[in-house]
Number of protein chains: 2
Amino acid sequence: MSGTSLTEVAKAGGVSLATASRVLNPHNEHPVSDEVRARVLAAAASLNYSVNALARGLKVKRTRVFAAIVHDFRDPFFNTVARGVTNAAEAAGYLTVVCDSSRDPDKERRYVQLAQEQRVAGVLFVGGGLTSRSYREAMRQQIATLQSYGAHAIALEPRGSRMPAEIPDNRGGARRATDHLVELGHERIAFIDGPEQVLTSRERRRGYQDGLEAAGIALDERLVASGGFTEEGGRAALVRLLDAGVPFTAIFASNDAMAIGCMVELRARGLAIPHDMSLVGFDDIQTVRWFDPPLTTVRVPMEEIGAAGVARLLALLDADGGEPPGGRLVNVHPTELVVRASTAPPGRGKARS
Amino acid sequence: MSGTSLTEVAKAGGVSLATASRVLNPHNEHPVSDEVRARVLAAAASLNYSVNALARGLKVKRTRVFAAIVHDFRDPFFNTVARGVTNAAEAAGYLTVVCDSSRDPDKERRYVQLAQEQRVAGVLFVGGGLTSRSYREAMRQQIATLQSYGAHAIALEPRGSRMPAEIPDNRGGARRATDHLVELGHERIAFIDGPEQVLTSRERRRGYQDGLEAAGIALDERLVASGGFTEEGGRAALVRLLDAGVPFTAIFASNDAMAIGCMVELRARGLAIPHDMSLVGFDDIQTVRWFDPPLTTVRVPMEEIGAAGVARLLALLDADGGEPPGGRLVNVHPTELVVRASTAPPGRGKARS
DNA sequence: CTGTTAGCGCATTCAT
DNA sequence: ATGAATGCGCTAACAG
């Protein structure tokens, strides 16, 4: 019921506890004779010995576990980043606790709390933070506590805290997407915004504004609606826009999930993409290439960002006790416009008339 | 750097270590005066105290962590089940380590190993096991070791081991999907199989055979191709089937990912769904309802299965030391055919001619 | 190269 | 109702 302990392995191998530890602990440099080593290994194998990471962690004050807190497990954006994290972590011998906060700040807080109790070596926040003062203050406080326990925090989307971050170039990507539409000749471009209070939304909206401004097009607030980064929300936002009667020939949805919602609604109304309406998304989640038409979108290097976050964490961990590794606090990963078939010059579609 | 310990809280609160433990440990029943309790709580709060779950776990020989091992993080089937698991676990105060094995048995083994070292309370296997003797033997061995350390293992897809399981009715669902096609008048129904060595594939294939048999249709092996449960694989399998020239009017893909691959290929060949070809999937992952046409598929209660797995684990944990809770070893969760627009009676489509 | 020892932070007897 | 003492399994000095 309670498994085998090192003491038992030592006894079975006819050596002391210390010696057994030395051969079974991969990070131990202490020399051990080949013969003794073999004996201990054999004893461990025959007893199905498995180190107790709790005891080890208690002793060395450091575990090999990370926590990744994501907004929504089912969103391909998040689970792809999470996969980048878990793969990179596993390669370094770390396990990753993945937590789905359901975009609930309180649940997020509870998860950080639990992770802290487990004395994780680091927590990665995957998903933008909220803009509110109170949220940022609470987060700052929480991270300070985390650090007092020796853990590091990393952001993989803007968080507005002073923590190290590996984030996509949201603003630049949104700018390029807008430019693309402008270059095709669109002048009335609707924008489907993410949740208002989320920093990621804000950055992408900014990029949209940049693009409009550069083209000398005035921002028309009636062409902007929030879709909460979900398919249903995106669809609902488009319904509002279309029903409002203000004409537009293209839609820039600030994430792919909402773009999918738009596709569904356009199809339901018999509006052809891109003939009647051009559509651009953001993220380049895997599924959008299977849709008809394949979606033009902005590629975010999701797995790469996840892996970079882990590398960052590992570097921080190694540097502990020395000075922090050089380099910027925030690394911005370039995003890239992927033109597929959902965009074209404005036609004389129904939406225009 | 090393955080606050209970000892410090006790000192700050002017009480003994034992007393501090009694008020801070939620599972402790020991009476403590309100005044002392308040003092300790205040001290803990002002010091930002957070229990060390490692020390606690070492002492009580039990952690509040589960491990969920999934085949592929990015597949909506798996991440949806995983979300059911993490949510249910969090509600019970447990954290879940989610591991993506990339369908690699060796990686799966390493993850179980790591989880065991962390002394997780339970391991949930999400995704079918392999049929091979060696795999099943190794798995049996591994589970035995896990249990010797007090952990429980649960399967959320057929595993062919004697472990408790909460699995979908794969065979029945596949049977119903086949019946549906037969009832529409199809007689030549192609089947896109999952990976051959995976038990889930085998169950679904069996259901397909059941349906054919009930309808008096002989199984034609030339109408079966394996697609490995991925979009690309499904598409490639369909290419082979189509190019082989053996006519058929409907396709039953044994998971939605492969059905999506089929849709893409049919579209590329100008074959209309369902006019030229009917198509059925399996799982009812969220995206398939957004496709054009929305896919007819077999719904698997994914989150429910995840939650059931956690409930099962919790019951096993509570019962430890007593007799195991009554009930079947394997609980089968009903699946349900969801008819959407990708199926219709056979037309005179090109595939037939 | 091997062995002895101390103590990580906590829950839990056993006293009081 | 509170406190003192013990040990979970392990690593890392320190001795030899």
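How do the residues of the surface near DNA strand D divide into nonpolar, polar and charged? They divide into 13 nonpolar, 8 polar and 6 charged, where Ala, Val, Leu, Ile, Met, Phe, Trp, Tyr, Cys and Pro count as nonpolar, Asp, Glu, Lys and Arg as charged, and the others, Gly among them, as polar.

This is a predicted model, in which local features need pLDDT of at least 70 and side-chain atom pairs count only at pLDDT 80 or more, while totals for chains, interfaces and linings use all residues. Residues are numbered from 1 along each chain as its sequence is written, chains are lettered from A and ligands numbered from 1 in the order in which they are written, and side-chain values use heavy atoms, with hydrogens and water left out.

Select DNA strand D and the 27 residues around it (near: a heavy atom within 4 Å), of which A:Leu6, A:Tyr49, A:Arg56, A:Lys59 and B:His30 come nearest. Sugar and phosphate make up 64% of the strand D atoms that come within 4 Å of the protein.

Next, select three side chains for their polar contacts (pairs of N or O atoms within 3.5 Å). A:Asn25 places a side-chain N or O atom 3.3 Å from a phosphate oxygen of DNA strand D, and B:Thr19 has a polar side-chain atom 2.7 Å from a phosphate oxygen of that strand. For B:Arg22, the partner of the side-chain N or O atom is a base nitrogen of DNA strand D, at 2.6 Å.

Finally, turn to the cysteines: the structure holds 0 disulfides over all chains (cysteine sulfur pairs within 2.5 Å). B:Cys99 is in no disulfide, and the nearest cysteine sulfur, that of A:Cys99, is 13 Å away.

How values were computed: Polar contact = N/O pair within 3.5 Å; in protein donor to acceptor, adjacent residues only side chain to side chain.
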